[in-house]
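Work through the exercises below with the model open. Each task is followed by a stepwise solution.

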Amino acid sequence: MKKAIYPGSFDPITNGHLDILKRALEVFDEVVVLVADNQNKKQRFTVEERVLMIKDAVKEYKGVKVDSTHGLTVAYAKKVGATHLIRGLRAVTDFEYEFSLAEANRFIDSSIDMVFFMANPEHSYISSSAIDDMHKANVDISKLVPESVIKTYQKK
Ligand code: ADP
């Protein structure tokens, strides 16, 4: 059974993230969406809120688990028997960041490899920060994020 981790901040999860997840599920039997608790990044939603929004968004998907970690993604992957990390690429700027991240991960544990999916052009402009900016500017984001994100914004 081929198992992969899709790690990220998911702050909040967007339809761009979900597109990558669906495509990863065509390659892997199981994908764990892993919310990384990165204290260096400004947090819009708590880790618990992010996990709940993702769980609701993927409730009809088969082969998906949702979890969070404070530690290294590769360590988590090793612990649960995953062989690959999934990431998405939107633009050249993503490539540079992802390239150095991949090199760092390879240094930490070369037995875990990375798989990259090119963003669907329909979603390539969507980022969690753009979603947050649009929400604050009262732009309708309902076509860009799952319903659970809209509901959680409404509660805040
Ligand atoms: P991180 O803080 O780890 O970069 P993000 O939640 O911003 O976490 O992104 C997680 C992964 O999903 C990254 O590989 C990112 O490039 C990818 N990603 C984010 N938004 C999109 C999108 N709209 N289309 C495709 N991939 C995306």
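A pocket is found on a 1 Å grid over the protein atoms alone: an open set of points with protein on both sides within 12 Å along at least five of seven lines. A molecule sits in a pocket if more than half of its atoms lie within 2 Å of its grid points.

This is a predicted model: local features need pLDDT of at least 70, side-chain atom pairs count only at pLDDT 80 or more, and totals for chains, interfaces and linings use all residues. Residues are numbered from 1 along each chain as its sequence is written, and side-chain values use heavy atoms, with hydrogens and water left out.

**Exercise 1. Place the ligand and describe its shell.**

Step 1. The ligand takes up the space of the largest pocket.
Step 2. The shell holds 17 residues, near meaning a heavy atom within 4 Å. Tyr6, Ser9, Lys41, Gly88 and Ile126 come nearest.
Step 3. Sort by class: six nonpolar, six polar and five charged.

**Exercise 2. List polar contacts to the ligand (N or O pairs within 3.5 Å).**

Step 1. Start with the backbone. An N or O atom of Gly88 is 2.6 Å from a ligand oxygen. One of His123 is 2.9 Å from a ligand nitrogen.
Step 2. Add the side chain of Arg90, with an N or O atom 3.3 Å from a ligand nitrogen.

**Exercise 3. Examine α1 (a DSSP run of H or I, at least four residues).**

Step 1. α1 spans 15–24 and supplies at least two shell residues.
Step 2. Eight of its ten residues are buried, that is, under 20% relative accessible area with a 1.4 Å probe, protein chains only. Among them are His17 and Leu21.
Step 3. At the N-terminal end, Thr14 is the cap: its side-chain oxygen lies 3.1 Å from the backbone nitrogen of Gly16.

Notes:
A polar contact is a pair of N or O atoms within 3.5 Å; within protein, one must be able to donate a hydrogen and the other to accept it, and residues adjacent in sequence count only if both atoms are side-chain atoms. On a 1 Å grid over the protein atoms alone, a cavity is a set of points where a 1.4 Å probe fits but cannot get out, and a pocket is an open set with protein on both sides within 12 Å along at least five of seven lines; lining residues have an atom within 4 Å of a point. Ala, Val, Leu, Ile, Met, Phe, Trp, Tyr, Cys and Pro count as nonpolar, Asp, Glu, Lys and Arg as charged, and the others, Gly among them, as polar. Buried means under 20% relative accessible area, exposed over 50%, partly exposed in between (1.4 Å probe, protein chains only).
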